[in-house]
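Reader: Let's go through this one together, informally. Start wherever you like and I'll poke at it as we go.

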Amino acid sequence: MTRRSLRSWLWVHKWTSLVCTLFLLIICVTGLPLVLKDELEALLDGGLPYAQVPAGTPNVSLDRLAARSRTMYPGEIILSILSDDDEPKIVVFMAASWDAFKADRKSAHWIRFDAHTGQVLKQSKPFDGDGKSFLDIMLSLHRDLFAGLPGELFMGLMALLFVIAIASGAVVYGPFMRKLDFGTLRAAGSSRLKWLDLHNMIGVVTLAWALVVGVTGVINELSTPLFVLWQQTDVRAILAPLRGEPVPPQSELSSPQAALDTVKAEAPDMIATSVVFPGSPFGSPYHYLVWTKGQTPLTSRLFSPVLVNARSGALVSVVSMPWYLRVLEISRPLHFGDYGGMPLKIIWILLDIATILVLGSGIYLWLSRHSSVAAEDRLVASHHASALSPLRGPAP
């Protein structure tokens with residue numbers, strides 16, 4: 001590597017790291033509880049327990065729960081019904097109207113039923129969404145800094161800078177560490193030198209994981225524009241023959257349970273997880289949108305939508321998801337590490353903590369620098385002299 005190219009890689013590593021470090025710390029710290037999201041939600045829930053029933057007890061009908069929900073909140077509409085396959089619960093989401101929901105999504109609320117008995121276990125308060133829970137706050141900080149789509153795109157840019165910082169750090173690691181055994185910590189040197197060695201060692205050990213999480217983080221932050229693209233292309237083409245027809249009122253809709261049963265019969269190897277009612281900004285004005293997923297640990301994160309005519313209950317189409325949404329779906333379990341049970345979650349947490357150490361040590365190395373220009377000159381010169389400088393290595 002020439003002196004000029006080495007200096008260029010150092011510059012890229014230093015400034016991409018510095019720009020994204022603060023935001024990466026926020027992402028890593030908020031990501032820790034999100035890895036244990038399911039466990040923490042169960043711990044902090046506070047709802048009534050599920051009924052103890054014999055194995056194989058069937059779920060209650062969605063029609064029954066829909067009628068119960070409308071009785072509890074007359075005049076409101078049902079937005080969607082979630083049928084959870086991990087826990088015996090069915091959740092009905094409601095709002096005053098679709099227009100109210102589109103204007104303010106916080107106006108929606110939900111009722112959680114026991115899937116076997118139909119008992120109300122918990123419900124959020126109408127019109128305020130029951131406030132934000134601890135995990136909601138962590139997810140908002142992690143995803144968009146409470147800034148919506150602009151925040152998502154900004155955090156996606158920070159994740160991209162993180163990926164560039166990792167790649168450039170790997171490039172400059174070799175020239176400056178080639179005279180040392182892997183994992184060497186020079187205890188006899190200065191405090192800064194020890195932190196430099198620790199920074200380099202942890203960074204290299206976690207390199208592959210950090211790249212995976214960084215790249216999947218960039219992809220996840222693009223989820224909103226990718227779904228908008230899908231709606232404006234594939235979904236619009238599917239709905240084109242019905243354009244201009246009136247949206248059916250909920251009083252004229254066919255049975256949501258029948259729609260679910262139709263989808264189960266059509267795709268017996270898939271699990272139907274939710275029924276989105278007509279009028280949703282995430283669905284169709286004329287159809288029930290039934291989301292299905294696979295049954296293995298990986299395919300359970302891959303969702304496929306099925307359209308059912310909301311008036312007649314007839315199956316319309318099993319929608320094929322475009323490649324970019326498949327990539328998005330695959331990236332989510334890889335990002336959060338929640339598809340392999342508790343052992344994988346523990347590994348993800350340890351690697352997350354290691355990344356926090358890399359970021360923290362990088363900040364220390366930057367703040368404790370002497371003269372950054374002079375240090376880089378000595379490092380580049382030492383590389384070509386086949387010796388290591390005790391003052392500076394790959395910048396954070």
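**Loops, sheet and empty space**

Author: I'll start with Leu 145, which sits in the loop between helix H5 (134–144) and helix H6 (148–177). Helices and strands here are DSSP runs numbered from the N terminus: H or I of at least four residues for a helix, E of at least two for a strand.

Reader: What's phi doing at Leu 145?

Author: It's near 55°, so positive in a residue that isn't glycine. Most residues other than glycine have a negative phi. Phe 146, in that loop between H5 and H6, also has a positive phi, about 65°.

Reader: Before I get carried away, what kind of model is this, and what are the ground rules?

Author: It's a predicted model, where local features need pLDDT of at least 70 and side-chain atom pairs count only at pLDDT 80 or more, while totals for chains, interfaces and linings use all residues. Residues are numbered from 1 along each chain as its sequence is written, and side-chain values use heavy atoms, with hydrogens and water left out.

Reader: OK, back to the loop. How accessible are Leu 145 and Phe 146?

Author: Leu 145 has 25% relative accessibility, so it counts as partly exposed. Phe 146 is partly exposed as well, with a relative accessible area of 46%. The cut-offs are under 20% for buried, over 50% for exposed and partly exposed in between, with a 1.4 Å probe and protein chains only.

Reader: Zooming out, how many helices and strands are there?

Author: The protein has 13 helices and 8 strands. Of its 396 residues, 44% are buried.

Reader: And how are the strands ordered in the sheet?

Author: It's an open sheet of 8 strands, in the order E4-E3-E2-E1-E5-E6-E7-E8, with antiparallel pairing. Two strands count as paired if DSSP finds at least two bridges between them. At the edges are strand E4 (120–123) and strand E8 (315–318), each pairing on one side only. On average, neighbouring strands are turned by 20° against each other, ignoring direction.

Reader: Which helix packs on the sheet?

Author: Helix H10 (residues 256–266) does, touching strand E5 (271–276), strand E6 (287–293), strand E7 (303–309) and E8. Its direction makes about 45° with that of E6. Contact means heavy atoms within 4.5 Å, and the axes are lines fitted to C-alpha atoms, for helices over the stretch in contact, with angles from 0 to 180 degrees between N-to-C directions.

Reader: Is E5 enclosed by the rest of the structure or left open?

Author: E5 is largely enclosed, because 5 of its 6 residues are buried. It runs antiparallel to strand E1 (residues 77–83), joined by 3 bridges, and Ile 81 has Val 275 in E5 as its bridge partner. E5 and E6 are also antiparallel, with 5 bridges; there Val 276 is matched with Leu 289 in E6.

Reader: What does Thr 292 in E6 touch?

Author: Leaving out residues up to four places away in sequence, its contacts include Val 263, Met 270, Phe 303 and Val 306. Thr 292 counts as buried, at 3% relative accessibility.

Reader: Switching topic: how many cavities turn up?

Author: A search of the whole structure gives 3 cavities of 30 Å³ or more. The largest has a volume of about 90 Å³. On a 1 Å grid over the protein atoms alone, a cavity is a set of points where a 1.4 Å probe fits but cannot get out, and lining residues have an atom within 4 Å of a point. Points are joined across faces, edges and corners, and volume is the space filled by probe spheres set on them.

Reader: Which residues line that largest cavity?

Author: Among them are Trp 230, Phe 282, Leu 289 and Leu 307. Helix H9 (223–239) and E7 each supply at least two lining residues, and H9 has the largest share with 5.

Reader: And the second largest pocket, which residues lie nearest its centre?

Author: His 13, Ile 166, His 199, Gly 203 and Val 358, out of 23 lining residues. That pocket holds about 370 Å³ of space, and H6 gives the largest share of its lining, 6 residues. A pocket is an open set of points with protein on both sides within 12 Å along at least five of seven lines.
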